[in-house]
Amino acid sequence: SYDHNWRLPFGIENKASIRESSDRDYVRKIGDIKGAGEPALVSEIGLVKTSRDANIWLTMSRIHTKMTPGLTDFDPGTVQLQPSLSVATLDHQIHEKFPLSWGVTANYSRFWRDAGSFDLLDDPSVPKPFVPGDTPLRKAHRWSFTPQVYYTTRIADRIELTPSVQYRSFYYSFDPKYASTTVRGYLLAQAELGTTIEKVYGSKVKHKFRPSLTYSNIPFIQEDSRHPFVKQILKSGNQFDQVDIVPISNDTQLYFIPLGNSLSYRVGNKFILRSDEDSIENRTYKTVVDLTAGQSINFIEYRKKPSKEDPSENIQRQPFSRFFAEAKVDLMRIQGTGVYYYYPYKKNPAYTFDAAYLFAKYTRRLLTFERSISLGYSFDQVTAQTNAIRAGTYWSFNDYFAVTAGISYNFPMTVGT
């Protein structure tokens with residue numbers, strides 16, 4: 001387990017987060033590196049350059065799946081993102097007297113794996129022909145270009161309205177032996193309506209409360225419905241990432257707000273604490289409590305009806321996407337986080353709670369000193385089978401040497417509950 005954040009010349013930052021283990025079960029049974037409840041260990045290395053007009057970042061990732069039948073095998077069929085290059089302009093106002101702003105984002109991604117260009121279903125050792133649209137393509141180059149325009153205004157000097165329009169365009173290049181290149185694109189229109197209410201208690205605590213509504217709509221999609229890749233992404237799990245899915249829905253993604261025809265609400269609460277410093281220059285502000293909750297209504301899925309070919313087919317209406325609630329507490333000695341998801345159409349929750357008590361902690365440039373104990377619990381039977389409690393300690397002897405220790409217990413679970 002390795003992490004770093006280095007500042008290089010010319011304003012470039014180098015960030016790395018590496019997670020690796022010798023075998024499939026190490027993280028689940030030993031648990032001294034992150035990822036015990038995840039299906040894979042993900043390592044990433046990136047370069048970031050920030051300027052006045054644009055941001056550029058280059059990342060490389062390596063996914064070591066823990067779902068392989070072999071104990072120590074590295075699955076050659078896992079798709080890797082190597083590399084991904086993104087450029088995003090900072091938002092600019094078109095005219096200083098008119099609050100209309102624009103921005104552009106571009107990306108190149110290479111999806112690669114050591115195995116072949118398409119999945120060999122069932123027994124990989126038995127050659128099978130490629131069936132366009134049915135056999136998933138797993139290697140590709142993807143270029144994307146997304147211009148955006150948005151407008152900001154205030155109603156009665158209290159309510160903020162921000163309508164925006166963006167066009168997401170994609171160009172895919174595959175192995176020409178199996179599929180030709182293809183172009184896709186769609187228009188995404190959104191409007192956010194929100195307000196912020198602030199109140200100061202005494203002279204040190206500020207409370208910020210922000211409710212908001214966001215409506216998303218995709219009026220049209222341009223793509224070749226006959227292309228093998230467009231056919232394959234109609235099935236959940238056959239895309240390279242969530243960017244390929246149009247529109248995003250409950251059928252395809254559990255952790256993303258649905259796009260296409262949806263209404264989302266979000267409520268945020270923040271309590272900000274000011275330091276005791278008398279000098280304005282030396283004052284610091286810290287968010288000690290941050291509470292957020294929200295949910296989305298997906299009108300596309302609500303309109304689902306039995307098919308004409310088979311009227312007896314039972315298609316359950318799924319009007320709601322996930323409900324979520326997040327809480328963060330950062331006091332002098334106590335830190336805690338909680339994340340709760342509920343999926344009404346699956347009738348199952350997923351949640352994680354973590355708390356830590358700090359005996360001492362400080363950071364000085366690249367050096368960190370911490371002495372703490374922690375306790376956590378996680379439950380998830382929607383995206384994984386996890387029901388575990390854990391405890392641990394992080395104890396620094398000095399700025400350069402520390403030890404960690406922990407224990408975890410996975411509760412037995414009955415399949416299907």
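Modeller: A pocket is an open set of grid points with protein on both sides within 12 Å along at least five of seven lines. The model we will discuss is predicted.

Biologist: What is the volume of the second largest pocket?

Modeller: Rolling a probe the size of a water molecule over the atoms shows where empty space is left. For the second largest pocket, the volume comes to about 770 Å³.

Biologist: Which residues of its lining are the closest to the centre of the second largest pocket?

Modeller: The lining of this pocket has 34 residues. Closest to the centre are Thr146, Gln166, Arg168, Gln242 and Val243.

Biologist: Which strand gives the most to the lining of the second largest pocket?

Modeller: Several strands supply at least two residues each, among them β5 (80-89), β8 (140-151) and β10 (159-173). β7 (98-112) is also on that list. With six residues, the strand that gives the most is β7.

Biologist: How many residues of the lining of that pocket are charged?

Modeller: Asp, Glu, Lys and Arg count as charged. The lining divides into 14 nonpolar residues, 16 polar ones and a charged group of four.

Biologist: How many strands does the chain have?

Modeller: The chain runs to 417 residues, of which 32% count as buried. Among its contacts between residues at least 6 apart in sequence, 53% join residues at least 24 apart. Its helices number three, and its strands 22.

Biologist: Which residues touch the most other members of the largest nonpolar core?

Modeller: In soluble globular proteins, nonpolar side chains tend to be buried together. The largest nonpolar core here holds 19 residues. β10 and β11 (182-195) each supply at least two of them. Touching the most other members are Leu137, Phe174, Tyr186, Ile218, Phe229 and Phe240.

Biologist: How many residues are in the other core that lies apart from it?

Modeller: This other core includes Phe324, Tyr341, Tyr343 and Tyr345. Its residues number six.

Biologist: Which ring residues are linked into a cluster by ring pairs?

Modeller: Rings pair if their centres lie within 6.5 Å. By this rule there are 23 aromatic pairs. The cluster is made of Phe111, Phe170, Tyr172, Phe174, Tyr186, Phe229 and Phe240.

Biologist: Is the aromatic pair of tyrosine 340 and tyrosine 351 stacked, edge-to-face or tilted?

Modeller: A pair of aromatic rings is described by the distance of the centres and the angle of the planes. The centres of tyrosine 340 and tyrosine 351 are 5.9 Å apart, with 20° between the planes. Planes under 30 degrees apart count as stacked. So this pair is stacked.

Biologist: Which strands does the pair of tyrosine 340 and tyrosine 351 tie together?

Modeller: The two tyrosines are eleven residues apart in sequence. Tyrosine 340 is partly exposed, because its relative accessibility is 30%. The strands that hold the pair are β18 (residues 334-343) and β19 (residues 348-364).

Biologist: Which residue does a cis peptide bond join to glutamine 82?

Modeller: Most residues other than glycine have a negative phi, and most peptide bonds are trans. At this bond, omega is about -5°. The partner is found in strand β5. The residue is proline 83.

Biologist: What is phi of phenylalanine 10?

Modeller: Phenylalanine 10 lies in the loop between β1 (2-8) and β2. With a relative accessible area of 74%, this residue is exposed. Phi is positive although the residue is not a glycine, at about 65°.

Biologist: Is alanine 156 buried or exposed?

Modeller: Alanine 156 is found in the loop between β9 (153-155) and β10. Its phi is positive, near 55°. Over 50% relative accessible area counts as exposed. At 65%, alanine 156 is therefore exposed.

Biologist: Is asparagine 238 buried or exposed?

Modeller: Asparagine 238 sits in the loop between α2 (228-232) and β15 (261-274). It touches Pro136, Arg138, Gln232 and Ile233, leaving out residues up to four places away in sequence. Buried means under 20% relative accessible area. With 12%, asparagine 238 is therefore buried.

Biologist: How far apart in space are serine 61 and leucine 81, C-alpha to C-alpha?

Modeller: Serine 61 is in strand β4 (residues 54-65). It is buried, with a relative accessible area of 10%. In sequence, serine 61 and leucine 81 are 20 residues apart. In space, C-alpha to C-alpha, the distance is 5.6 Å.

Notes: Residues numbered from 1 in each chain as written. Predicted model: local features only at pLDDT ≥ 70, side-chain atom pairs only at ≥ 80, totals over all residues. Heavy atoms only, no water. 1 Å grid on protein atoms, 1.4 Å probe; cavity = no way out; pocket = protein on both sides within 12 Å on 5 of 7 lines; lining within 4 Å. Points joined across faces, edges and corners; volume = space filled by probe spheres on them. Helix = DSSP H or I, 4+ residues; strand = E, 2+ residues; numbered from the N terminus. Core = buried A, V, L, I, M, F, W, Y, C linked by side-chain atoms within 4.5 Å. Buried < 20%, exposed > 50% of the residue type's maximum accessible area, 1.4 Å probe, protein only. Phe/Tyr/Trp six-rings, centres within 6.5 Å; stacked < 30°, edge-to-face > 60°. Contact = heavy atoms within 4.5 Å.
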